[in-house]
Amino acid sequence: MARTHQAAFLQGRPWSAREFAALLDSPFSYAVGDARSFALGRVVAGEAELLTIATHPDHQRQGLAQAILERWWEVALAHGATDGFLEVAEDNQPARSLYKAFGFAESGRRVGYYPRQGTAAVDAVLMRVSLRKAESVE
């Protein structure tokens with residue numbers, strides 16, 4: 001996961017293998033996918049957080065992120081979640097489009113949250129969705 005994350009996240013700091021291991025050590029966290037594309041989430045008190053999703057650049061534009069987000073959603077429901085949330089960099093248009101296609105809507109912002117090298121930091125866009133809107137996402 002760390003290698004895929006590093007290849008996919010060129011603007012921000014990628015997560016280390018140690019960070020992934022620590023998150024996955026929690027009984028509330030889960031991962032779906034494989035080395036090409038994966039999502040890491042956690043469910044606490046009926047809410048599912050999408051912690052990160054990444055597709056290796058060699059495998060982008062093949063529908064993998066959509067399939068992984070569908071699987072994240074299914075596992076979240078299986079763990080009793082009724083709502084989902086995430087944050088995404090304002091300048092990450094591909095991810096924002098994917099989330100909107102799944103029904104996520106902006107619920108807030110963290111101004112200047114993501115540092116960018118050589119330019120101003122960008123906002124984190126907070127997004128939420130009801131996971132019960134549909135039993136399957138199309």
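Here is a walk through the fold, from the sheet to the helices and then into the core.

A bit of bookkeeping comes before the tour. This is a predicted model, with local features needing pLDDT of at least 70 and side-chain atom pairs counting only at pLDDT 80 or more, while totals for chains, interfaces and linings use all residues. Residues are numbered from 1 along each chain as its sequence is written, and side-chain values use heavy atoms, with hydrogens and water left out.

Let's start with the sheet. It is open, has six strands in the order β1-β2-β3-β4-β6-β5, and its pairing is mixed. The edges belong to β1 and β5, each with a single partner strand, so one side of each has no neighbour in the sheet. From one strand to the next, the twist averages 25 degrees. The element names come from DSSP runs numbered from the N terminus: helices are H or I with at least four residues, and strands are E with at least two. Two strands pair if DSSP finds at least two bridges between them. As general background, strands of a sheet pair through backbone hydrogen bonds, either parallel or antiparallel.

At the β1 edge, a hairpin joins β1 to β2 through three residues. These strands pair in the antiparallel sense over five bridges, and Ser-29 stands opposite Arg-42 in β2. Further along the order, β4 and β6 are also antiparallel, over seven bridges. There, Asp-83 has Ser-130 in β6 as its bridge partner.

Now for the helices on top of the strands. Helix α2 (residues 17-24) lies across β1, β2 and β3, at about 40 degrees to β2. Helix α3 lies across β1, β2, β3, β4 and β6, and runs at about 155 degrees to β3. Those angles run from 0 to 180 degrees between N-to-C directions, with axes fitted to C-alpha atoms (for helices, over the stretch in contact).

What sits inside? The largest nonpolar core has 26 residues, and those with the most contacts inside it are Leu-50, Leu-69, Trp-72, Trp-73, Tyr-99, Phe-104 and Leu-131. Such a core is a set of buried Ala, Val, Leu, Ile, Met, Phe, Trp, Tyr and Cys residues joined through side-chain atoms within 4.5 Å. "Buried" means under 20% relative accessible area, "exposed" over 50%, and "partly exposed" in between (1.4 Å probe, protein chains only). The elements that give two or more residues to this core are β1 (29-33), β2 (37-44), β3 (47-55), α3 (64-78), β4 (83-89), α4 (93-101) and β6 (119-130). α3 gives the most, with seven residues. A second, separate core of six residues includes Ala-2, Leu-40, Leu-51 and Ala-54.

Helix α4 is a good place to see how a helix meets the core. Its buried residues are Ala-95, Arg-96, Leu-98 and Tyr-99. Seen down the axis, they fall within an arc of 160 degrees, so they line one face of the helix; the arc is that of the directions from the helix axis to the C-beta atoms. On the other side of α4, Pro-94, Lys-100 and Ala-101 are exposed. The cover over the buried residues includes β3, α3, β4, β5 (105-116) and β6. At the N-terminal end, Asn-92 caps α4, with a side-chain oxygen 3.2 Å from the backbone nitrogen of Ala-95. After the helix comes Gly-103, whose phi is positive, near 95 degrees.

Right after that, Phe-104 touches residues including Trp-72, Trp-73, Tyr-99 and Val-129, where a contact means heavy atoms within 4.5 Å. Val-129 lies in strand β6 and is buried, with a relative accessible area of 4%. Among the residues it touches are Trp-73, Asp-83 and Phe-104. Val-129 and Ala-105 are 24 residues apart in sequence and 6.5 Å apart in space, C-alpha to C-alpha.

One polar residue deserves a stop. Ser-37, in strand β2, counts as buried at 2% relative accessibility. Its side chain makes a polar contact with the side chain of Thr-55 (2.8 Å). A polar contact is a pair of N or O atoms within 3.5 Å; within protein, one must be able to donate a hydrogen and the other to accept it, and residues adjacent in sequence count only if both atoms are side-chain atoms. Ser-37 is also in contact with residues including Val-32, Leu-64 and Ile-68.

Definitions and conventions. Lists of a residue's contacts leave out its neighbours within four places in sequence.
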